[in-house]
Amino acid sequence: HFAATMVDTFTVTLKMKRIASVIICCLLGAIAAYDIDYFDKLRTNESLRTNISMAHFLNNTPLWEVSDLKQEIFHLAHIVSFLPLSNGISVGEVSQNLLAATLMAIYHFNNPEFSPHLNEDVATCNLKLTVEFRDTNYNPITSTRRFTKILQRKNSIKEPIPAAVIGAYRSAVTSPLAILTGVNKIPQISYASTSADFDIKEQYPLFGRTVQSSIGQAHVALELFQSLGVTHIGVLFVTDAFGSALQKAFQDVALEANIVIDCVAFPYSANLKGPEISNAIKSLKKMEFRIFYVIAFEVHYEAIMTAAYDENLIGNDFLWIIDGFDVATFHRNAIYESGSKLDLATRGVGLINLEGGVRFEIRYPEMKTSPPLQENPQTSHDKFRVAWRRTIQDEAFEAYVRSRMPESMKTVDDYNPNFTFELEASSYIPFLYDAITALGLAYCQAGNKTTERLLEGGDVYEEFTKLSFHGASGHVKILRESGTRDYRTEIFTLLNVQPR
């Protein structure tokens with residue numbers, strides 16, 4: 001069993017004007033509020049409406065103005081959320097949590113009284129969000145086909161063309177989606193895709209994100225290696241959009257810092273059975289370096305470290321720093337036979353992890369009990385942790401999340417409709433929550449400024465690039481020129497993996 005202890009954090013504090021915080025609190029039903037499925041029903045059940053009209057237009061995508069039986073008027077914006085729920089054969093380890101985070105964020109946005117420190121524009125905004133989900137299968141072709149089908153359907157209030165897109169996770173999946181959203185003038189916000197290519201606004205004009213770009217990520221890694229006095233680094237990277245972008249960004253910043261690096265690549269499809277990763281490790285060995293920076297995914301870990309053991313590149317004379325993992329997934333699977341290659345190779349591996357906030361407890365695989373929460377949380381992230389744990393234990397919310405799982409998941413071999421939730425949200429959950437919040441904020445602010453003409457996707461995106469707020473992942477500040485989150489407002493931790 002391997003445990004990971006946080007040994008350092010990497011943050012750069014910005015001096016900024018104090019701003020309103022998005023406070024995340026409250027159990028479902030704690031105070032009078034709209035039911036969690038109220039606006040879903042308002043959109044799909046005409047008996048609950050007294051009037052509908054297409055109020056504003058986002059190119060061919062309307063916000064629907066709806067009056068309910070109480071004569072309250074709302075503007076409904078429908079989102080499509082592209083999430084990595086499965087690979088088409090097996091269910092993703094945190095798929096249910098991704099759905100829960102999306103629905104929790106929408107519920108809080110639609111009930112702003114649960115967030116008492118939202119700014120006045122949001123508190124008085126009559127925009128309400130609804131969502132449908134699509135499984136990306138981690139595949140750009142599958143995702144693009146599913147999005148194209150949505151764009152081609154007849155626009156109606158029951159099945160509207162999306163007012164916005166959330167996702168995707170992998171940059172390789174996000175790229176074709178972002179081209180389509182740009183063509184169709186639909187804002188798109190990702191919570192995890194970091195490729196620097198998305199900063200090219202000529203190609204991705206309406207793409208934004210609540211995470212840093214690979215350029216920011218490279219600066220964080222550089223800061224770590226400089227603090228260790230490193231002068232030579234061997235870089236092993238996966239050749240997908242994420243890995244290639246981060247490798248290039250790190251190569252550029254390392255060159256400026258006079259650090260010598262040599263790079264070896266392997267394909268995303270590589271695994272333990274094939275020769276690609278073992279051959280790449282052999283190439284690393286020829287460099288005669290002792291410090292290695294790995295840009296890869298959890299699925300590649302076993303093959304990488306097994307090959308490192310076979311090539312005698314482990315032990316006290318070597319340091320492996322890994323970037324790109326979902327640490328929660330890694331911890332869950334970090335159980336190896338004592339004395340095995342993976343057991344010996346994993347000792348002392350360092351994981352750079354993007355976090356919503358700092359957690360100081362030791363993290364164990366298959367932890368049966370969740371770490372304690374603060375009784376009076378002070379940071380916005382700690383307030384999110386409290387809200388998350390309370391919300392996912394609410395029976396009504398749990399049933400609602402189960403009901404919203406896409407139909408395509410029922411054909412996945414190991415899908416279990418009685419899934420449960422993790423009491424501690426994994427790394428990207430807060431950033432997904434903030435993507436929903438940011439989208440709602442941008443829509444409300446754009447609506448307030450475009451009262452004399454029709455609302456367009458560019459209006460919403462423009463307001464997104466101006467955002468600065470406190471959310472589940474801390475202070476979120478978006479860079480105007482790129483629509484990318486400023487990495488200096490994020491927390492990166494260095495985790496030291498040791499046998500338990």
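**Close-ups of a predicted model: one disulfide and one pocket**

**View 1. Cys125 and Cys444 are joined by a disulfide, with 2.2 Å from S to S.** A disulfide here is a pair of cysteine sulfur atoms within 2.5 Å, and the structure holds 1 of them. Chemically speaking, a disulfide is a covalent bond between the sulfur atoms of two cysteines. This is a predicted model, where local features need pLDDT of at least 70 and side-chain atom pairs count only at pLDDT 80 or more, while totals for chains, interfaces and linings use all residues. Residues are numbered from 1 along each chain as its sequence is written, and side-chain values use heavy atoms, leaving out hydrogens and water.

**View 2. The S-S bond of Cys125 and Cys444 has a twist to it: its torsion is about -90 degrees, so the disulfide is left-handed.** Cys125 sits in the loop between helix H3 (120-123) and strand E5 (127-135), and Cys444 in helix H14 (residues 429-449), so the pair ties together parts 319 residues apart in sequence. Helices (H or I, at least four residues) and strands (E, at least two) are DSSP runs, numbered from the N terminus.

**View 3. Three cysteines, buried or partly exposed?** Cys125 is buried at 16% relative accessible area, and Cys444 is buried too, at 2%. Cys263, at 24%, is partly exposed. Buried means under 20% relative accessible area, exposed over 50%, and partly exposed in between (1.4 Å probe, protein chains only).
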